[in-house]
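Here are a few exercises to work through with the model open beside you. Try each task before reading its solution.

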Amino acid sequence: MDRILKAARTSGSLNLSNRSLNFDPITWDVPTEVYQCLETTGEGENWWEAVDLQKLILAHNDIEVLREDLKNLACLVVLNVSHNKLSQLPAAIGELTAMKSLDVSFNSISELPEQIGSAISLVKLDCSSNRLKELPDSIGRCLDLSDLKATNNQISSLPEDMVNCSKLSKLDVEGNKLTALSENHIASWTMLAELNACKNMLGVLPQNIGSLSRLIRLDLHQNKISSVPPSIGGCSSLVEFYLGINSLSTLPAEIGDLSRLGTLDLRSNQLKEYPVGACKLKLSYLDLSNNSLTGLHPELGNMTTLRKLVLVGNPLRTLRSSLVNGPTAALLKYLRSRLSNSEETSASTPTKENVIASAARMSISSKELSLEGLNLSDVPSEVWESGEITKVNLSKNSIEELPAQLSTSVSLQTLILSRNKIKDWPGAILKSLPNLMCLKLDNNPLNQIPLDGFQVVSGLQILDLSVNAVSFREHPKFCHLPQLRELYLSRIQLSEVPEDILNLSNLIILDLNQNSLQSIPKGIKNMTSLKHLDISNNNISSLPPELGLLEPTLEVLRLDGNPLRSIRRPILERGTKAVLNYLKDRLPDQ
């Protein structure tokens, strides 16, 4: 013990996990020397060279008591007492005002002390697998809390004061007794990227669930949910959505607006149809097993991105069993063959000028102007005349260049130019838009982006250059985009990952789908903020073990469509976490 404590006084880190230490045989308490780490300098040690204890790991022991002396460790940043026999925490936990990470999972704690709210630096809290029936109201004072895990308890509701935890990005409350999610909470948690509330007793979803526009993964399987609100279409970043084992009889048409959704689990519900509106999703995996489907809309055949469609356990009467149980591609082909080619009838539509005028009127209050799909060849003057518009959507038109007048739109934050005919990088115009944070130029015939082209948009947080096959003969310098959080580069014939992308420390989403990549560089480990990485449909045969170092930050890793030979199929099928852990285990010992 003396040797371990001496090392801790030098490093500031003390790890006593799973060491079968001889704790006090009467109280099963932590050795007193731990609480007095700096007060017990040994022979040959200089007290002035000792450092405060910042990290204390006591996991996997038989500790039953933590004393109030814990307050002596005022500089503690990380405390892990998981997998012990604690029944309570001391009030002194609130005096650890520097603590950012607290793990008390797998104990027998029935109540967290109110004083925990005084640990105001707390960023990550794991209180899973205890006996909690509620969380203290004071947790709402932990304003920096971003990762809360409280799985496998008996919690029936979350404190209303948690509306103050506006930085929450990951919430895991699987296996509790929650009956509802508060609309006030949802309205406040706008940074939420992952929400796991499966295996609870939820009956309905909040009507404002769509306000979670940053949500990437939503797991609500094994509840009692009977309906999904139409606002779900607002969850525009959603990639994985699990609704299996609920009581759904219908789905809202707005679910078809989830353009990034790749996995949709609807198994074991009461669905009588899969709606036509949802057939425009670009899913890789769709589970409709054990529902009440008697047929499928032929439009489902247009979901050509589907790799797996599960239909077992449905009373399908219009499809042969050989199709239902056969390859997904064959079923989709059959459904496409059933599509009608008859002429479509439609009501008379308003003139293009009327549509533009109406959109301009609406933009006065919303500050957003949408002129999508109007077959425009020029940018109309309504775009810059207001001077206060923050978002302009000009996608799905025939625009070839941006007018000089657009330079006056200094309030513009989002500019969507997807699916147009822009050939030249509009650097001169972009240079005059100081507040621009989101630029979408996907599906344009861009000839080339200059090497220093990104200098004029250095404040961008979102950039989409997908499906611009000839724009990357030479890579523009991504180092000029230090604030970038989302980068989409699918289908641009990349043969390698541009090296300076690996240094984008704020990047959360990186989409490299459908390129010609043969490998992923080891430097991927530097992208410590990355939560979503799509490298599907490339020529990658192996992954670097260093990719595993992104666990647990990386929440979604899409690999389908690659000739991966180094990872067994059962591991791949278990998902992102299993793959990352496998890779991490293959790292050479340091």
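**Exercise 1: Salt bridges**

Find how many salt bridges there are, taking a salt bridge as a side-chain nitrogen of Lys or Arg within 4 Å of a carboxyl oxygen of Asp or Glu. By this rule the count comes to 14 salt bridges.

A word on the ground rules: this is a predicted model, in which local features need pLDDT (the predictor's confidence in each residue, from 0 to 100) of at least 70, side-chain atom pairs count only at pLDDT 80 or more, and totals for chains, interfaces and linings use all residues. Residues are numbered from 1 along each chain as its sequence is written, and side-chain values use heavy atoms, with hydrogens and water left out.

**Exercise 2: Two pairs in detail**

Locate the partner of D62 and describe where the two residues lie.

Step 1. The partner is K85, and the closest N and O atoms of this salt bridge are 3.7 Å apart.

Step 2. The pair links distant parts of the chain, 23 residues apart: D62 sits in the loop between strand 2 (55-57) and strand 3 (78-80), and K85 in the loop between strand 3 and strand 4 (101-103). Strands (E, at least two residues) and helices (H or I, at least four) are DSSP runs, numbered from the N terminus.

Step 3. Buried means under 20% relative accessible area, exposed over 50%, and partly exposed in between (1.4 Å probe, protein chains only). D62, at 38%, is partly exposed, and K85, at 45%, is also partly exposed.

Now do likewise for D69 and R67.

Step 1. Their closest N and O atoms are 3.2 Å apart.

Step 2. D69 has 28% relative accessibility and counts as partly exposed; R67 has 26% and counts as partly exposed.

**Exercise 3: The open sheet**

Work out the strand order of the open sheet of nine strands, and say which strands stand at its edges.

Step 1. The order is 14-15-16-17-18-19-20-21-22, with parallel pairing; two strands pair if DSSP finds at least two bridges between them.

Step 2. Strand 14 (368-370) and strand 22 (556-558) stand at the edges; each has a single partner strand, so one side of each is left without a neighbour in the sheet.

Step 3. Inspect one pairing: strand 15 (residues 391-393) and strand 16 (residues 414-416) are joined in the parallel sense over three bridges, and K391 stands opposite T414 in strand 16.

**Exercise 4: Confidence**

What average pLDDT does the chain have?

The average is 88, and 90% of the residues score at least 70.
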